[in-house]
Amino acid sequence: MYGDCQVMSSSTVRGNPMSSDNSSQYNSTIQNPNFNFMANISPFNMFSPILPQKEEKAKEDLLESGSGSEHIEGASGNEQEAEQQPPAKTKRYHRHTARQIQEMESLFKECPHPDDKQRLKLSQDLGLKPRQVKFWFQNRRTQMKAQQDRQENVVLRAENESLKTENYRLQATLRNIVCPNCGGPAVLGEMGYDEQQLRIENARLKEEFERVCCMVSQYNGRTMQAMGPNSDMMQQQPHSLELDMGVGVYPRKLDEHHMSNCPSDMMPLPFMPETSHFAGNTLILEEEKSLAMELAMSSMNELLKMWQTDEPLWVQEADTGKYVLNLEEYARMFSWSANLKQNSHQLRTEATRDTAVVIMNSITLVDAFLDANKWMELFPSIVSRAKTLQVVHSEVPGHATGSIHLMYAELQVLSPLVPTREAHFLRYCQHNAEEGTWAIVDFPIDGFHNDYSSSFPFYKRRPSGCIIQDMPNGYSTVTWVEHAEVEDGPINAVFSSLVSSGMAFGAQRWLAVLQRQCERLASLMARNIPDLGVIPSPEARKSVMNLSQRMIRTFCLNISTCYGQSWTALSESAEDTVRITTRRVTDPGQPNGLILSAVSTTWMPFQHKQVFDFLRDERSRAQLDVLSNGNSLNEVAHIANGSNPGNCISLLRINVASNSSQNVELVLQESCTDDSGSLVVYATVDVDAIQMVMNGEDPSCIPVLPMGFVVVPITNSSNDSTKESGCLLTVCLQVLASTMPNAKLNLSSVTAINHHLCNVVQQITALLNNTNAAAAFTTDADAHTPAVAD
């Protein structure tokens, strides 16, 4: 169904992927003297190789031999001697016996560094050569050091997570501190320690007072005024995390004055802490659980009715074929409409329904929906963060049916021009054994719990969810119902139609991403692929796919407004869609330092598929001088991720005459597409990292800084036409502005990446226009060619 993994190079690799011929071809491909580095793609990429220059010789020996220090017990000294013999002789491989390994292990425990006499005596006793014993002890010491490093990394990561949580809490508090003179964020370096502590305490008390005011207003029906004469100004001014730290989310034009006053403590993009700043510490009390179960049953009945009922509840549009919720019929059938928010005329209702078949059984799907981490991995482009705050009810421990989970989630569109949607909700799961269906419903918690403040813009998820029906051969039919009340926030005009139509967060997008991700997971678990090319084993293939999945996940987080990430506009024009931001990264998985990100969205008069095929093709991408400097790209390895040829992972290299084996970097690229949109994401990875991945090791420590493209189709439904009217192209560039996390950003870096981003968009538009013109010319010439008589 998914096709074999293919490898394209100057000559197609065939045969057993584990053969020595393929291994030598892989080594020659990587060590090609005409090899280029990803550093040539972007002039701002300061990402240095993982290993220092003094290890280059070891890198060459590693690639030539095809083995490393990880071959502890499988490769003996005879193998290394065989490598030094002339090619004409046949290599003889020898495995140590169990007794030999046991004796050497016993001596290793007593003396990890035996001298020449000890090695000679041991070799005579075991019938080995002294060099074989020497090599075994060297490999064994390397293995022990690697194990110790892994253990130390686990401890250090745990300490790092604890420090990140505390740091994130403190920074969230500092964001509330306001300068008494100008009303802007205060620079703490200019205040004394006592004043800093007083301001922090004042911010905490103010937040507590506002929470109490909110609770009182809900009881007496009157709104209490916030503290202080400047409260209105403070409420209207959003928390600012952008470059100049003194203006709103989209500030005025960025100039030298703002850059000179820019504080250095900009907020990094954090990962989900264990104790977050949002109101997630208030749990469902024991006496409230019965009410939660009643709401769960009522919400489940509503979801089932919305699944089973067509007209008059759902009306199918003649022009688009999509189902639209009849609000009057909905208000008549259900009682939820009685609890609408005040000033409901300011709210907009989004309701969509769709059905699709996915290649995953119901048990696996239910398990993914009830596990917050698996849910995020299943929808990396939609769910930016999620957390299970409490298991409110579980009928049978270890079983999903009847369970109620209190959850938090933040949903995103892959653009900083659309604000994210945050919500606390309860998720209830029910299994109908007679019909062979599972139903999962999410319903709002504010019906009986008032400790969770509403997000801004306002977003309330009405009973929504999916019904899963098992099919033969591991497939499932999934019907998705998405229903919410929203208050449109500051959405740029270029995305207004996509959001207002419900396509940005609707059922069609959820199901399209689910279908694609299920196919990807099926490809990840497949082990019967006959030809892996230069990828030596199924374990290596799985490691490559995991690295690429993390690259996609990082890209989706870095391109939106999730985690409170704020973006800065470079001009006051409403038509300007360029936004920039910075992040200070000290965590593993990304290059450490100050990262500068720039994103731009442009409407293009081309079909969605045409733009996607152009961007994912390495031959077309080579025409973008601003990305490749005019150098050609060559696909070294190819992994199929599904039935669509566009869903694949590629390992690319750049062909440059000045390329040498002293500094080799590759490009890891993943492209994915579905009816809701497409992604083309890529990042530079050096040869040492790829060698580690090819050995099947965990790629979580490999730093990647992804860049890429997002293509979203735009449908024009006017005049009874559903023809695609173009697409939105979002380009994201990320560069390591400095290897020092505490460095300050200068205006020249901002100007350079803005100029680079604009050039990318202009070149893509020009090349697509030229392609269409050439195609039109060919078609016109064929039409005017006279027919030749027989």
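Let's start with phenylalanine 379: setting aside neighbours within four places in sequence, this residue is in contact (heavy atoms within 4.5 Å) with Phe369, Trp480, Trp510, Val513 and Leu514. This is a predicted model, where local features need pLDDT of at least 70, side-chain atom pairs count only at pLDDT 80 or more, and totals for chains, interfaces and linings use all residues. Residues are numbered from 1 along each chain as its sequence is written, and side-chain values use heavy atoms, with hydrogens and water left out.

Phe379 also belongs to a bigger picture. In the largest nonpolar core, which has 86 residues, Leu365, Trp375 and Phe379 touch the most other members. Helix α16 (residues 538-558) gives the most to this core, with 8 residues. There is also a second, separate core of 35 residues, and Val611, Val680, Cys727 and Val761 are included in it. A nonpolar core here is a set of buried Ala, Val, Leu, Ile, Met, Phe, Trp, Tyr and Cys residues joined through side-chain atoms within 4.5 Å. Helices (H or I, at least four residues) and strands (E, at least two) are DSSP runs, numbered from the N terminus.

Now for α16 and its partner. Helices α15 and α16 pack at an angle of about 150 degrees, with their axes 10 Å apart. The axes are lines fitted to C-alpha atoms, for helices over the stretch in contact, and angles run from 0 to 180 degrees between N-to-C directions. So α15 is roughly antiparallel to α16, a label for angles over 145 degrees. From α15, the contact is made by Gln517, Arg520, Ser523 and Leu524, while α16 brings Arg541, Lys542, Met545, Asn546, Ser548 and Gln549.

Two residues are worth setting side by side. Buried means under 20% relative accessible area, exposed over 50%, and partly exposed in between (1.4 Å probe, protein chains only).

| Residue | Place | Relative accessible area |
|---|---|---|
| Glutamine 517 | helix α15 (residues 507-525) | 5%, buried |
| Serine 700 | loop between α20 (687-694) and β19 (707-715) | 27%, partly exposed |

Leaving out neighbours within four places in sequence, Gln517 is in contact with Glu377, Leu378, Pro380 and Gln549.

On the same basis, serine 700 is in contact with Arg157, Arg550 and Gly589. Glycine 589 is 111 residues away along the chain, yet the C-alpha atoms of serine 700 and glycine 589 are separated by 6.2 Å. The side chain of serine 700 also makes a polar contact with that of aspartate 698 (2.8 Å). A polar contact is a pair of N or O atoms within 3.5 Å; within protein, one must be able to donate a hydrogen and the other to accept it, and residues adjacent in sequence count only if both atoms are side-chain atoms.

Methods
Angles under 35 degrees count as roughly parallel, over 145 as roughly antiparallel, 65 to 115 as roughly perpendicular and the rest as oblique.
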